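Q: I am new to this structure and would like a close look at a single part. Please pick one residue, tell me whether it is buried or exposed, and then show me how the rest is built.

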Amino acid sequence: MIARLTESFDFHSQALTLRAERQRLIAGNIANADTPGFQARDFEFASALRAASGGAGPGSAIAAGVMTPGGRSAPVLRYAVPSQTNLDSNTVDMDRERAAFADNAVKYESTLRFINGSVRTLLDAMKSHHQG
Amino acid sequence: MSLLNIFDIAGSGVSAQSQRLNVVASNLANADTVAGPDGSAYKARQVVFQTALAAGAGPRDAAAGVRVSTISENTSPGRRVHDPRHPGADKEGYVTYSNVNPVEEMVNMISASRSYQNNVEVMNTARSLLLKTLQIGQS
């Protein structure tokens with residue numbers, strides 16, 4: 001019963017984990033903005049989420065056993081194509097990284113709001129009609 | 001918890017950039033140093049950055065911090081100025097100054113300070129996201 005109640009969270013928690021992963025990756029790119037020879041990396045969020053959730057959407061139930069924590073495969077990383085050549089062959093484009101970082105932070109927060117919304121819905125459903 | 005690792009990564013960036021700023025400050029302070037008693041003037045220094053995987057990270061772990069691997073010395077000869085009355089002049093009347101190029105150092109300083117700010121901003125964003133994550137389920 002509890003598993004069925006928390007099923008709806010699984011998709012969003014998967015998305016939240018991937019958002020945190022991407023945030024960390026971009027932070028690493030920004031920290032290495034001046035490292036000679038460093039290649040900036042990123043992953044495509046949509047396909048990573050599809051792979052992590054087994055193609056399930058936010059509404060569909062997910063088979064038990066697929067969502068084991070830690071069993072999630074790592075997203076496929078891609079290397080950035082430099083827009084300008086750099087003498088030390090560093091491919092971090094600071095403008096692109098900062099934009100991606102801000103974008104990812106906003107989307108992380110929106111996923112948080114989705115989770116908060118479902119938690120509140122569940123809690124409201126558990127309340128009896130005597131309570132406000 | 002991967003968001004907590006951001007503090008390690010951005011922190012490594014901040015500390016590496018502040019080390020770079022330290023070296024720039026040392027170079028600028030010694031820009032007009034003349035040769036000491038041993039005959040060699042101050043040589044400009046520069047930090048060399050290297051990607052550093054976080055402690056306990058496997059080879060498949062993607063995000064990585066940064067560290068200063070070495071501090072290299074610029075071995076080019078120092079600036080020589082003809083000034084026979086200078087106490088530091090050699091037999092031919094030349095004074096050897098340090099080989100610091102102030103223009104290069106100023107550019108280096110601006111670049112270091114920009115990167116420092118970027119890393120601080122990363123930390124601030126991660127902090128506010130983590131605080132909001134802690135409030136999941138609270139109305």
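A: Let's look closely at Pro77(B), which is exposed because 9 other C-beta atoms lie within 10 Å, and 12 or fewer count as exposed. Please keep in mind that this is a predicted model. You will find Pro77(B) in the loop between β2 and β3 (80-82) of chain B. If you would like a second landmark, take Thr33(B): Pro77(B) and Thr33(B) are 44 residues apart in sequence, and their C-alpha atoms are 14 Å apart in space.

Now step back to the chain that holds this proline. Chain B has two helices and four strands, and from the N terminus on they come in the order α-β-β-β-β-α. Of its 139 residues, 27% are buried. Among the contacts in chain B with a separation of 6 or more, 64% are between residues 24 or more positions apart.

The two helices of chain B pack against each other. The axes of α1(B) and α2(B) are 9 Å apart and make an angle of about 160 degrees. That makes α1(B) roughly antiparallel to α2(B), since angles over 145 degrees count as such. The crossing in which α1(B) passes α2(B) is left-handed. By class, this helix contact has 18 nonpolar residues, eight polar ones and two charged ones.

Met109(B) gives you a way to see this pairing at the level of single residues. Met109(B) sits in helix α2 of chain B. Setting aside residues up to four places away in sequence, Met109(B) touches Leu21(B) and Val24(B). Met109(B) and Val24(B) are 85 residues apart in sequence, yet 6.4 Å apart from C-alpha to C-alpha. Met109(B) counts as partly exposed, because it has 17 C-beta neighbours inside 10 Å.

Next comes the partner chain. Chain A has three helices and two strands, arranged along the sequence as α-β-α-β-α. Buried residues make up 27% of its 132 residues. Among contacts in chain A between residues at least 6 apart in sequence, 81% join residues at least 24 apart.

One residue of chain A deserves a short stop. Ser89(A) is placed in the loop between β2 (78-79) and α3 of chain A. Its phi is near 55 degrees, a positive value in a residue other than glycine. Most residues other than glycine have a negative phi. Ser89(A) counts as exposed, because it has 11 C-beta neighbours inside 10 Å.

How do the two chains meet? The contact takes 30 residues from chain B and 28 residues from chain A. On the side of chain B that touches chain A, the elements giving two or more residues are α1, β1, β2 (65-73) and α2 of chain B. The largest share of that side, 10 residues, comes from α2(B). Sorted by class, the residues of that side are 13 nonpolar, 15 polar and two charged.

Helix α2(B) also packs against a helix of chain A. The angle between α3(A) and α2(B) is about 10 degrees, and their axes are 10 Å apart. That makes α3(A) roughly parallel to α2(B), since the angle is under 35 degrees. The residues that meet include Phe101(A), Tyr108(A) and Leu112(A) in α3(A), and Val122(B), Thr125(B) and Leu129(B) in α2(B). This contact of α3(A) with α2(B) has seven nonpolar, three polar and two charged residues.

Finally, look at the largest nonpolar core, which has 35 residues. The members that touch the most other members are Ala27(A), Ile30(A), Ile6(B), Ala10(B) and Val122(B). The elements that give two or more residues to this core are α1 (2-31), α2 (45-53) and α3 (94-126) of chain A together with α1 (2-29), β1 (45-52) and α2 (102-134) of chain B. The largest share, 10 residues, comes from α1(A). Ala10(B) is a good place to end: not counting residues up to four places away in sequence, Ala10(B) touches Ala27(A) and Ala31(A) in the partner chain, and Asn119(B), Val122(B) and Met123(B) in its own chain.

Key
Residues numbered from 1 in each chain as written. Chains lettered and ligands numbered in written order. Predicted model: local features only at pLDDT ≥ 70, side-chain atom pairs only at ≥ 80, totals over all residues. Buried ≥ 20, exposed ≤ 12 C-beta atoms within 10 Å, placed from the backbone. Contact = placed C-beta atoms within 7 Å. Core = buried A, V, L, I, M, F, W, Y, C linked by C-beta atoms within 7 Å. Nonpolar A, V, L, I, M, F, W, Y, C, P; charged D, E, K, R; others polar. Axes fitted to C-alpha atoms, helices over the stretch in contact; angles between N-to-C directions. Parallel < 35°, antiparallel > 145°, perpendicular 65-115°, else oblique. Left-handed = near helix turned anticlockwise from the far one by under 90°.
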